[in-house]
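Please look over the protein shown below, and keep its sequence and its structure side by side while you read the report that follows.

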Amino acid sequence: MCPWEFHDKPRDECGVLGIYAPGNNVSLKTYYGLNALQHRGEESAGIAVSDGKQIKVHKKMGLVTEVFNKASLSVLKGNIAIGHVRYSTGGDSSEANAQPLLYKDDKGSVAVAHNGNITNACQLKKRLDQTGSFGYPNLDSEIFLRFLAHYRNFSLEQLLELFLKEISGSYSLVLMTENSLIGLRDPYGMRPLCLGKLKGMESGYILASETCALKAAGGELVREIDPGEGVIIDKNGVNFRQSFPGGCRRLCIFEYIYLARSDSVMDGSSVNSVRRKFGSELAREHPVAGDLVISIPESGTAMAMGYAEECGLPFREGLLRNRYIGRTFIKPGQKNRELAVRMKFDVISDVIQGQRVVVVDDSLVRGTTSCQIIRMLREAGAKEVHLLVASPPLSFPCYYGIDIPSAAELVAARRTLEEIRQYVGADSLQYLSLKGMLQVLRRPKEFCTACFDGIYPVPVVEQETG
């Protein structure tokens, strides 16, 4: 059972980071960068560092601040590093499956960290079975180790092209040899990956899932890695390899809705700004006669602000999120789930009492948390509670590395709008339309929207996740 086992939001599988800085020890910068990516994975964290001769790895279960301390970082000395934070979707949540993964043979070592999900992993594992076992039977990321072993005589450039040609699904990948840092993004660009320059370092570079990690590690954005593009950073500088040029971009739309940190920038757009625009569009589609607007913090806050501004209603802090609850483990069961929500959120009663409350959230998955929050608002004296969701109804599962449950668990896949309204207990319920959401983004053909419309850009060979 995962932390917040009944978690009522989609979760990304992980976040990745890589740093190349000749003549500098990079473990502390990697630590800072991983901290900024903590929202992408809270189960395990790891860092691999190379000093030019060997690669050392430290990884454990827990948050970044729990896995690393001054002593563990002091051992990780080197000028190249990759890091990883993980939230498992299908593979065991165990230290054995924590990343980075390390491959060694007589030619040297390679460390790998992966964000995404390989949809043809089982087929590839069977084909490459002769390469032996790497100890990660339920982890799709093991595929990259099998390719490394099977095609060990290939150059880095050839390996990257082989990954892009034969591996299906989604992946942002960082790899590290003793002397180089490599990044790779799948041909559809489903998972984000960007390149930054370390300030004050002539040859210092950083790869990361989000720009917020660049800032935390002391870098600034150069540009995003394009879909189907690889980058090799070594003593010869920065070498880009574009194997699948143009026309295939399908960034996961949930990066803008929920997954990315609000201060990150994607495709030149501030995530926070896009979320406010989602809220504004929601208000244009579904204005509600209310007294005030509140959000379900924190991801819904920017959307609620946009909604309030467009409708001319006051935005108030009506729910307080307990930031110190940590990775609490709650046993299954309705009463335990209710207790968990009450531990996580508190209602500010003097704001809510006697008011017609418009609640804006970023998404509605199972609906369990919304039920409890609406009940808490009514207990606090709300006159009416209207739920507005700043994304379309989630009706289909994800096979590309986002933990969206099976259709049987998705409240919108098995109920009508009115049935969902009755289930969550709201006086009214409305969703932002897919058309409206894509209109805000202005690039309707560049996003994966499969969880909303069931149109999967990459064929789903299997449903195994890792």
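Among contacts in the protein between residues at least 6 apart in sequence, what percentage join residues at least 24 apart? The share is 70%, where contact means that heavy atoms lie within 4.5 Å.

This is a predicted model, in which local features need pLDDT of at least 70 and side-chain atom pairs count only at pLDDT 80 or more, while totals for chains, interfaces and linings use all residues. Residues are numbered from 1 along each chain as its sequence is written, and side-chain values use heavy atoms, with hydrogens and water left out.

The secondary structure comes to 17 helices and 23 strands, which are DSSP runs numbered from the N terminus (H or I and at least four residues for helices, E and at least two for strands). Of the 466 residues, 58% count as buried, a word that stands for under 20% relative accessible area, with exposed meaning over 50% and partly exposed in between, for a 1.4 Å probe and protein chains only.

The largest nonpolar core (a set of buried Ala, Val, Leu, Ile, Met, Phe, Trp, Tyr and Cys residues joined through side-chain atoms within 4.5 Å) has 45 residues, and those with the most contacts inside it are F254, Y256, F278, Y307 and V360. Among the elements that give two or more residues to this core are those in the table.

| Element | Residues |
|---|---|
| α8 | 254-259 |
| α9 | 271-285 |
| α10 | 301-311 |
| β20 | 356-361 |

The largest share of this core, 5 residues, comes from α9. Leaving aside neighbours within four places in sequence, Y256 is in contact with residues including V271, V274, R275 and F278, as well as L441 and F447.

A second place to examine is strand β9 (residues 194-198), where L198 is found. L198 counts as buried because its relative accessibility is 1%. Although L198 and Y20 are 178 residues apart in sequence, their C-alpha atoms are 8.9 Å apart in space, and Y20 is one of the residues that L198 touches, along with others including I19, A21, K29 and Y205.

Finally, consider a pair of helices. The axes of α5 (residues 142-150) and α6 (residues 156-166) come within 11 Å and cross at roughly 130°, the axes being lines fitted to C-alpha atoms over the stretch in contact, with angles from 0 to 180 degrees between N-to-C directions. At this contact, F144, F147 and L148 in α5 meet L159, L162, F163 and E166 in α6.
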